Number of protein chains: 4
Amino acid sequence: MPSVPTAESPSDAPRVMRADARQNLDALLEAAKTEFAASGVDTPVRAIADRAGVGVGTLYRHFPRRSDLISAVFRREMDACVTAATEIEASFPPDEALDRWILRYTEFLATKQGLAAALHSGDPAYAPLADYFSARLTPTLERLLESARRSGVRIQDVDAGEFLGAVANLCHGAEQHGRSPAHAERMVRLLLAGLRASDG
Amino acid sequence: MPSVPTAESPSDAPRVMRADARQNLDALLEAAKTEFAASGVDTPVRAIADRAGVGVGTLYRHFPRRSDLISAVFRREMDACVTAATEIEASFPPDEALDRWILRYTEFLATKQGLAAALHSGDPAYAPLADYFSARLTPTLERLLESARRSGVRIQDVDAGEFLGAVANLCHGAEQHGRSPAHAERMVRLLLAGLRASDG
Amino acid sequence: MPSVPTAESPSDAPRVMRADARQNLDALLEAAKTEFAASGVDTPVRAIADRAGVGVGTLYRHFPRRSDLISAVFRREMDACVTAATEIEASFPPDEALDRWILRYTEFLATKQGLAAALHSGDPAYAPLADYFSARLTPTLERLLESARRSGVRIQDVDAGEFLGAVANLCHGAEQHGRSPAHAERMVRLLLAGLRASDG
Amino acid sequence: MPSVPTAESPSDAPRVMRADARQNLDALLEAAKTEFAASGVDTPVRAIADRAGVGVGTLYRHFPRRSDLISAVFRREMDACVTAATEIEASFPPDEALDRWILRYTEFLATKQGLAAALHSGDPAYAPLADYFSARLTPTLERLLESARRSGVRIQDVDAGEFLGAVANLCHGAEQHGRSPAHAERMVRLLLAGLRASDG
DNA sequence: CATGAATGAGAGTTCATTCAT
DNA sequence: TATGAATGAACTCTCATTCAT
């Protein structure tokens, strides 16, 4: 079983951390996640700090740029999503595991309105996030696709990263006013069906 | 007494309009279209007014709310897109016409970054736009789907409006940094393939 | 008599100007002059706008960058100082005119705490101000020095711009707490005496 | 029990001091000197603490107010400057010693951008620094002036403190962008020449 | 009707200073 | 004592919107 590193700190080397600082950091991540889900990633910095019960200065200490906070929030759950793949693969046949994990991935996306935009923004500040996405989620899907093919399922030749981006796009606006949460799932299933279709 | 051309005003009640006012309105729509394509629908009002060569006051006279302008811009090209369907239906067999029109629709979407967001925003200000979308584009797709089914093609039972929304989402972020313009098309084709897949 | 152009507008071509805008601009220049004299050129933008009785937006409309405002304020009085030279030259013999004008120049400097700093900051935003200084004040002093030399006075070979900068420096901090206003004048007179000294 | 060296503390009452505290204090003074020279006396407190390798709390412990640190830094080198006078007086005739010491004083000023401002700020926090200046540097110049006069040189009747302030002002902005380091020296020499001029 | 000047709320960001660890 | 995390006031700047001209 591979180790599942958890990277939830803004920098790579915060060796030790004062207990109160750690608490603030957690509160910030949690507050940011909530605010991002409710108001998008462009929500005022102050709103996040207020929700976390800290001053704005504390937010800036931990996350000098907005992109740092966005990246940290998204990375936390990306990790969980990657971890889930292992469990799903262990419990279901390859073809079914593929669909199940994609649906698990859509759950991750549900409250990540700005993820796709961040990934495609071209802003170098998001390069680490995009890299992380490519390094963790994309290989996961590639593995699932390969397993399904080996089990005999006919699967279109698609770029895994591109496909994940498409799924992210399809989930865009889900959970929004007037849209059934089932909407996104139906469309994602359509895309998955297209993946198995015989002609390209 | 000046001539009194009747024009389609931003509100639903066509009214008498001075020739110069009409020119300003056209210039504003054109400028807004360009700015929206370049900088998104949240672009500063001033930028649009400047490009149109009018004062911001004039913009506000014609479009009191930003949503009025966005709606007006998008409606213009929705009309063109609907019109195109008729031509395509006359030139191609139903099944092919379906794909061709969807791709024509993606072209319409190409520079309409904010369309999907506007449609799903839940903001009542966009209700007229959503209504227009439902009244014009959705029936067009329904007609094409029905024709294809009648011609013997097996097509999934999907909600036309939902499908159009999904396509719009897939086109989100196309033409953005680091994304091939072919990306969106590939994913849309996958969705179309899913539409014909035998299981749901 | 040469024409005495008055350049007190932020840009070079504000052909016509609405009466109220003109009033606001004047109020801003006056307020800025007062605030600069009292609190230095780094005084909060808000303080200047408040004193002028306008919103900050109005200040930013007329002077997008702080340096624009500083330059405008200083240019107005540089012009007056240059003009004064003509009158002084007409009324006094060259040698005396030189001293009298330098003392007039120190009066100009009295409330211009940030002038020298701005001129020497190296910030390209102040290049226009430095250019204006070089184009107007420096030639004025050069002319006065030359006249004095022609009238038979022995004068050190100094760079006029450098000398003006030195006088500006000597006036730095004058009118400050605990310093007699005569202090600067005494030191400037010492410098002027050095100008006539026989050895370098 | 550790040795208890007696050190000159920031306050006027020398006290017992732990060895590590003494080291921190030295590091802070050195760091502050460097930062002041590079970025002026308004440089962020954090920058100084970082350079000294201590926490900001330590800085505040030793120097509760910024003025305390500034004063301490400047006093150190004032002392050296005063000491230098003795050597110069021993090696050169009075008239030459005067010039040489003033030039030595300008060297001291070279990296003390904020000295003149601090002395003239009127802020009571700088009163001790101003007093120190008056108690050490001013008498030094007075002594040099008196020696020169006794040796037969005709010297203007100037206030020594005022003259030192003028020299400090003349050195303001030296080493800045676009200004030759020789600029200040030329102007100081002009002032010294004025000191010997026969009329006032 | 058109203009664009004015307004001012609101967002981002920095940094002096305090104080829990 | 030393540390540096936290705080929040203060500042800059932008832009949607109004309204005098």
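A residue counts as near a molecule or strand if one of its heavy atoms lies within 4 Å of it. The figures show a predicted model, in which local features need pLDDT of at least 70, side-chain atom pairs count only at pLDDT 80 or more, and totals for chains, interfaces and linings use all residues. Residues are numbered from 1 along each chain as its sequence is written, chains are lettered from A and ligands numbered from 1 in the order in which they are written, and side-chain values use heavy atoms, with hydrogens and water left out.

**Figure 1. Protein surroundings of DNA strand E.** DNA strand E is surrounded by 35 residues, of which A:Arg66, B:Thr58, C:Asn24, C:Thr58 and C:Arg61 are the closest. Of the strand E atoms that come within 4 Å of the protein, 61% belong to sugar and phosphate. The surface near the strand comprises 14 nonpolar, 10 polar and 11 charged residues (Ala, Val, Leu, Ile, Met, Phe, Trp, Tyr, Cys and Pro count as nonpolar, Asp, Glu, Lys and Arg as charged, and the others, Gly among them, as polar). Helix 3 of chain C makes the largest contribution to this surface, with five residues (helices are DSSP runs of H or I, at least four residues, numbered from the N terminus).

**Figure 2. Phosphate oxygens of DNA strand E and their protein partners.** The side chain of C:Asn24 places an N or O atom 2.4 Å from a phosphate oxygen of strand E. For A:Val45, a backbone N or O atom lies 3.0 Å from a phosphate oxygen of this strand. A polar side-chain atom of D:Tyr60 is 3.2 Å from a phosphate oxygen of strand E.

**Figure 3. Interface of chain A and chain B.** Chain A contributes 23 residues to the contact and chain B 24 residues (contact means heavy atoms within 4.5 Å). The buried area is about 2,200 Å², with 63% from carbon and sulfur atoms (the accessible area, 1.4 Å probe, that two parts lose on being put together, summed over both). A:His120, A:Glu162 and A:Leu190 provide 27% of the area that chain A buries against chain B, more than any other three residues.

**Figure 4. Salt bridges and helices between chain A and chain B.** Two salt bridges are found across this interface (a side-chain nitrogen of Lys or Arg within 4 Å of a carboxyl oxygen of Asp or Glu). A:Arg186 forms a salt bridge with B:Glu162, with the closest N and O atoms 2.4 Å apart. On the side of chain A that touches chain B, helix 8 (160–170) and helix 9 (181–196) of chain A each supply at least two residues. Helix 9 of chain A gives the largest share of that side, eight residues.

Key
Polar contact = N/O pair within 3.5 Å; in protein donor to acceptor, adjacent residues only side chain to side chain.
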